[in-house]
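Hi everyone, thanks for coming. Today I'd like to walk you through one protein model, so have a look at it on the screen.

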Amino acid sequence: MHVEAFREYCLSKKGATEGFPFDRDTLVFKVMGKMFAIVPLERIPPQANLKCDPERALELRETFDGKILPGYHTSKVHWNTLYMEQLPESLILELIDHSYELIVASLTKKARRALEDQE
């Protein structure tokens with residue numbers, strides 16, 4: 001999956017924003033101020049970090065050995081690093097959805113209501 005397609009899909013999520021809070025090369029996607037995807041633009045091959053349920057993260061790492069690794073510079077329990085060119089696009093989209101949904105589920109009731117009220 002190309003980085004631009006990844007970006008477009010992330011931004012299609014309700015309330016998603018993008019920015020460079022760490023440096024000019026690390027693109028971060030957030031919902032209601034909480035990160036759900038990180039893309040280090042200087043990395044070759046293209047990579048992305050996505051939040052993941054800890055049990056599922058372990059399963060994915062075993063199934064896609066060398067293609068999905070513990071999160072680089074993030075919690076190795078809750079984040080995975082994906083080598084995007086080596087994985088099916090459908091899996092990457094599913095994992096973006098999973099990451100986004102984990103973050104939305106962790107929001108306060110007030111923040112979830114505010115997100116629901118967005119067009």
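**Salt bridges and a cavity**

Let's begin with two residues, Asp97 and Lys13, which are both buried. Keep in mind that this is a predicted model. The side chains of Asp97 and Lys13 form a salt bridge, with 2.7 Å from N to O. Asp97 sits in helix H3, while Lys13 is in the loop between helix H1 (3-11) and strand E1 (16-19), and the two are 84 residues apart, so this salt bridge links distant parts of the chain.

How many salt bridges are there by this rule? The count is five. Another one joins Arg56 and Glu94, at 2.1 Å from N to O. Arg56 belongs to helix H2 (residues 54-63) and Glu94 to helix H3, so this pair ties together parts that are 38 residues apart in sequence. Are these two buried or exposed? Arg56 is partly exposed, at 21% relative accessibility, and Glu94 is partly exposed too, at 38%.

Next come Glu42 and Arg43, whose closest N and O atoms are 3.7 Å apart in their salt bridge. Glu42 is partly exposed, with a relative accessible area of 42%, and Arg43 is partly exposed at 24%. There is also a network of salt bridges that links Glu4, Arg7 and Glu18.

Now for the empty space. The structure has one cavity of 30 Å³ or more, and the volume of the largest cavity is about 30 Å³. Its lining includes Leu50, Cys52, Asn80 and His98. Strand E4 (47-51), strand E6 (79-83) and helix H3 (89-106) each give two or more residues to that lining. By class, the lining has five nonpolar, two polar and one charged residues.

Note on methods. Residues are numbered from 1 along each chain as its sequence is written. This is a predicted model: local features need pLDDT of at least 70, side-chain atom pairs count only at pLDDT 80 or more; totals for chains, interfaces and linings use all residues. Side-chain values use heavy atoms; hydrogens and water are left out. On a 1 Å grid over the protein atoms alone, a cavity is a set of points where a 1.4 Å probe fits but cannot get out, and a pocket is an open set with protein on both sides within 12 Å along at least five of seven lines; lining residues have an atom within 4 Å of a point. Grid points are joined across faces, edges and corners, and a volume is the space filled by probe spheres set on the points. Helices (H or I, at least four residues) and strands (E, at least two) are DSSP runs, numbered from the N terminus. Ala, Val, Leu, Ile, Met, Phe, Trp, Tyr, Cys and Pro count as nonpolar, Asp, Glu, Lys and Arg as charged, and the others, Gly among them, as polar. A salt bridge is a side-chain nitrogen of Lys or Arg within 4 Å of a carboxyl oxygen of Asp or Glu. Buried means under 20% relative accessible area, exposed over 50%, partly exposed in between (1.4 Å probe, protein chains only).
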